[in-house]
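Below is a short note for a colleague who is meeting this structure for the first time. Please read the points in order, with the model open alongside.

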Amino acid sequence: MTGQAELLGRVLARAEDEDRAALVGYLPAGFPTVDGGIAACTALLAGGCDIVEVGLPHSDPVLDGPVIQTADDIALRGGVRIADVMRTVRETHAATGAPVLCMTYWNPVDRYGPERFAAELAEAGGAGCILPDLPVEESEVWRKAAEQHSLATVFVVAPSSRDERLARITAAGSGFVYAASLMGVTGTRASVGREAEELVRRTRATTDLPVCVGLGVSNADQAAEVASFADGVIVGSAFVKRLLDHSGDPAGGLAAVRELAAELAEGVRRRG
């Protein structure tokens, strides 16, 4: 099987045709268990997400806040491995037909072997990788492997990125651009902030790729606010928190994330 970068593009284009932002959900693989994580990813999509990001749990995250770190720790203590991440991608995509990306720091991919990782992700039906800590200048090996296997390479930009840097990052990326709404780590916040809108404007000046905003969105009103200026709204910590709040109650956790996905899906269609 080849990667599903083309499917990712079609889903983002369909959202644009519907005059709305795409809704992108995130959950780490292996949380609360491998099977439970697959069920949760499927529930996100059933509830209204267009795309799902499957996180590869990491012991030393640089972008993830305390909520996702807690989930990663649960997954790692449960013995999650890269094979489980691939299984999560495979079964989620097979069950839903939706684009499924892997979000991972570079070190696990580098140690595993970029070509091997890309080949296995594509075989699992993955649409691409989000690599928040891989410098563009050091990304050629990965990008060649990803392109060979029809995978998108999504880079992260931040409010601190200067225009010249933005242009270099967006020229190297594919699929979409992940715009971090503020400086800091992931987590739900009372306000998404105006820095995000300015970052989207500056990023769009450098590329035709869709620009999706993450970090901080946790409810329908915030999703509508971001959807008014971005091509996609990315939500992670809020979904993870719903599962953490239902620890020991798998059915309740799945119902909670499905309900939140439906609320956020309504929000991105409201557009502010």
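1. A point on a single residue comes first, with the reminder that this is a predicted model. With a relative accessibility of 38%, D73 counts as partly exposed, because that value lies between the limits of under 20% for buried and over 50% for exposed. D73 belongs to helix α3, which spans residues 66-77. As for its position relative to T2, which lies 71 residues away along the chain, the C-alpha atoms of D73 and T2 are 32 Å apart.

2. The sheet deserves attention next. Nine strands form an open sheet with parallel pairing, and their order is β5-β4-β3-β2-β1-β9-β8-β7-β6. The edges are taken by β5 (152-154) and β6 (156-157), each of which has a single partner strand, so one side of each is left without a neighbour in the sheet. Helix α1 (residues 5-17) packs on this sheet, where it touches β1, β2, β3, β5 and β8 (211-214), and its direction makes about 135° with that of β2.

3. Is strand β1 enclosed or open to the outside? Seven of the seven residues of β1 (residues 22-28) are buried, so the strand is largely enclosed by the rest of the structure. The cover extends to both of its faces, since A22, V24, Y26 and P28 are buried on one side, and L23, G25 and L27 are buried on the other.

4. The pairing of β1 can be followed in two directions. Towards strand β9 (residues 232-235), β1 pairs in the parallel sense over four bridges, and V24 has I234 of β9 as its bridge partner. Towards strand β2 (residues 51-55), β1 is joined by five bridges, again with the strands running parallel, and here L27 is partnered by V54 of β2. Between β1 and β2 the chain passes through helix α2 (residues 34-47), and this β-α-β crossover is right-handed.

5. Within β2, the residue E53 may interest a careful reader. E53 is counted as buried because its relative accessible area is 1%, which falls under the 20% limit. Apart from neighbours within four places in sequence, E53 has contacts that include V24, G25, Y26 and L27, as well as L101, M103, I130, F176, Y178 and I234.

6. Beyond β2, the sheet continues with strand β3 (residues 100-103), whose two faces are both covered: V100 and C102 are buried on one side, and L101 and M103 are buried on the other. β2 and β3 pair in the parallel sense over four bridges, with G55 standing opposite M103. β3 in turn pairs with strand β4 (residues 128-130) over three bridges, also in the parallel sense, and in that pairing M103 stands opposite I130.

7. At the β6 edge, the pairing is with strand β7 (residues 177-180), in the parallel sense and over two bridges. The bridge partner of V156 in β7 is Y178, a residue also listed among the contacts of E53.

8. The last point concerns two helices, α11 (residues 237-245) and α12 (residues 250-270), whose axes come within 8 Å and cross at roughly 155°. Angles over 145 degrees count as roughly antiparallel, and α11 and α12 are therefore roughly antiparallel to each other. The crossing in which α11 passes α12 is right-handed. On the α11 side, the residues that meet α12 are A238, F239, R242 and L243, while those they meet in α12 include G253, L254, A256, V257 and L260.

Conventions:
Residues numbered from 1 in each chain as written. Predicted model: local features only at pLDDT ≥ 70, side-chain atom pairs only at ≥ 80, totals over all residues. Heavy atoms only, no water. Buried < 20%, exposed > 50% of the residue type's maximum accessible area, 1.4 Å probe, protein only. Pairing = 2+ DSSP bridges. Right-handed = clockwise from strand over helix to strand, strands pointing away. Axes fitted to C-alpha atoms, helices over the stretch in contact; angles between N-to-C directions. Parallel < 35°, antiparallel > 145°, perpendicular 65-115°, else oblique. Left-handed = near helix turned anticlockwise from the far one by under 90°. Contact = heavy atoms within 4.5 Å.
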